[in-house]
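Hello! Here are a few notes to read beside the picture, with each term explained as it comes up.

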2 protein chains.
Amino acid sequence: MPTVTMIGGGQLARMTHQAAIALGQCLRVLAGSPGEPAAAVSADVVLGSHDSFDDLLRAAEGAVALTFDHEGVPLAHLEALEERGVAVRPPSAALRYAQDKLEMRRRLAALGLPVPDFADLSGDPEQARAALLAFGAAHDWQIVLKAVRGGYDGRGVWLIDGDEAAALEVFDGARGGDTVLMAEQKVSMARELSAMVARSPYGQGAAWPVVETIQRHGQCAVVLAPAPDLDPETAARAQRMALELAAELGVVGNMAMELFETTGGELVVNELAMRPHNSGHWTMDGCVTSQFEQHLRAVLDYPLGDTSATAETVVMANILGAAQAPEMSMDERLHHLMARLPEAKVHLYGKSERPDRKVGHVNIVSRPGQSRDDVRERAERAAHWMSHGVWTDGWDHRADDRPGHDA
Amino acid sequence: MPTVTMIGGGQLARMTHQAAIALGQCLRVLAGSPGEPAAAVSADVVLGSHDSFDDLLRAAEGAVALTFDHEGVPLAHLEALEERGVAVRPPSAALRYAQDKLEMRRRLAALGLPVPDFADLSGDPEQARAALLAFGAAHDWQIVLKAVRGGYDGRGVWLIDGDEAAALEVFDGARGGDTVLMAEQKVSMARELSAMVARSPYGQGAAWPVVETIQRHGQCAVVLAPAPDLDPETAARAQRMALELAAELGVVGNMAMELFETTGGELVVNELAMRPHNSGHWTMDGCVTSQFEQHLRAVLDYPLGDTSATAETVVMANILGAAQAPEMSMDERLHHLMARLPEAKVHLYGKSERPDRKVGHVNIVSRPGQSRDDVRERAERAAHWMSHGVWTDGWDHRADDRPGHDA
């Protein structure tokens, strides 16, 4: 059976390895150390750096395709690999839009997709400063500043809540640190959605049901699948937008299109990721085909799997490192969780706990007759227990990022 | 997180490793070579033999529990490991009944469980021959001869269809080759069932729905979950028998109790296995908790998971090596299967193909409104294609072992 190489040894590679095993394969991972989540469980580990062309080349040797656990690989390296005949999936020509938010915004705008108003702050510092001042004033400083590259899980995003001085401070600090910025209009949003699709080189596309994502501290905390009470036409539109964009960009593998649903019921594209994505973890226990199997099928140019949900509601909640380490070990917490919720599907990443670090997730799949709130309550309770070692009765909305707050 | 060691690098260890990953662990396997199914995918492989005490000791070092992919480990080694404080799960005191069919029959009979009439042919050759002649005559030679140890997948089982001379030939040949035999009355059975349970050291037990197993060439070919049209009281009785026996024997981990349902509607115990089992592969896609996760939970003394089925019908069909190797590679066959049946859940073991060798399995899970025959037809078609590289329209009952034929 073929070998696929994944660049990065994080949890996405770890869970892709689980799917690879079922397909008769062993995922090869390029990891920085043997203790990384995927390196700790795969028999085929290449130690090295995604920044090193030689390491990438070594990891690609004999593999039928090269794919990614994260967006951090220098584009020039990928182009050089492609010149040598390596099947880079997604190809560099597509991945550039997931690596560079400014390029992504420009391309989406050119394609007529709904994006927030944005400004390029990447050029000459004086001109960029002037552009920021003009853009901020035009939007009453209801804007968001973003690092064009490298941000994730809330990092590289600054919410400017009408505060011009704060915006200039971020701008000056970022320019001092050589971080290239862009500005975006803050969208008046009701909630965040994610439309996940997969696409194969052959051109086959498949869309999972559209989900709602709930952010806390700027990163995904909870996913409700499918998105509650989403107008079927809006859902179909989101899926169509993602499928068409994936085809337009030549994406191979998974693509998550993160969307804002505005208070007016419109959709606005927020971010793109071209890999397995946190908003698709629910598929591991709630879909015929999980996002990890599907990503492999796509990069191998296999026909894609059935993306139907297998239950009415699935809720995913991330397990995060706590600010104060719980007294009980993770092993003991898992033990207690299993006693309380024998139906909880736990996925641990084998990572050490640090505050707000994603170290695992829990899926709860509805049984007939169970309400969405009931399913969510159990998922949130399970994740809170695993994160903090404290039982709660449900979930606390006060922890959620306020709509419109997160970018 | 804790480390569990599994003795044996076969497909059961491979699939247990998938489950271990979700629990934040990496399964350690003792394998004979790096190419074995589990060794090829796990980061923690001890190369060695299950017949070597030193290798077993090495594999156990630092692990919280030692468990099994097969029954082949010498009991004396396990007792010696237990004396050194290794948590052998199931313990040697239970595993002996899965290793030795004669001990198992005696113990089950003593416990009042329904077993076929049987005769001990293990002692002095002259006395054993006399015992066989008496037992055969008493049952009109409608008997089955079995190797007391080491048989599996139809090996070590001889069906004596009323033919005294054939029975004596098997007996003399086996004694010449030092195989210890026993004789059993042939049961007039309607079909074969399997009642799978798990039990933890704490004493918690959990039973999956009882399934029907269909044998071909003496090995499991297809599993229908749940067993079609099984009287609910009979199903409950089978589950109770398995749970009570597991408790009585002190089993830790999974136990499969293979049963005959007689033409009169009675249950007779056929075999016991104390590990993940072919009759439980359907749980990977059709149950809240798969048998592999459950086996780990049990040997770790975690609370057990929910054993509910997640669909009305699940059919598992084994992929077997073909007598004549298909022209298409396994990879190509998988490609075609995915195109035809995007809902098929394929599990490949990374094994080379040899005639009748189990190299993978397919699960088909029913969606609402799909009939059992429809689900079975797709599972059989998928497995037949993967085995032979030939599409069929359905399944051919002529290939099934005739009821009562298989032991």
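1. In chain A, A:Ala43 comes closest to the rotation axis, its C-alpha lying at 2.2 Å. Turning by 180° about that axis, with 0.0 Å of shift along it, superposes chain A on chain B with an RMSD of 0.1 Å; this is therefore the relation of a two-fold axis. The fit is by least squares on C-alpha atoms of residues with pLDDT of at least 70 in both copies.

2. Both copies use the same surface: 100% of the contact residues of chain A recur in chain B (contact means heavy atoms within 4.5 Å).

3. This is a predicted model, where local features need pLDDT of at least 70 and side-chain atom pairs pLDDT 80 or more, while totals for chains, interfaces and linings use all residues. Residues are numbered from 1 along each chain as written, chains are lettered from A and ligands numbered from 1 in the order written, and side-chain values use heavy atoms, without hydrogens and water.

4. Now look at helix H1 (residues 11–22) in chains A and B: the two axes come within 10 Å and cross at roughly 160°. That makes H1(A) roughly antiparallel to H1(B) (angles over 145 degrees, taken between N-to-C directions from 0 to 180, with axes fitted to C-alpha atoms over the stretch in contact). Helices are DSSP runs of H or I with at least four residues, numbered from the N terminus.

5. Who makes this contact? Among the residues are A:Arg14 and A:His17 of H1(A), and B:Arg14 and B:His17 of H1(B).

Terms used
Helices (H or I, at least four residues) and strands (E, at least two) are DSSP runs, numbered from the N terminus. Angles under 35 degrees count as roughly parallel, over 145 as roughly antiparallel, 65 to 115 as roughly perpendicular and the rest as oblique.
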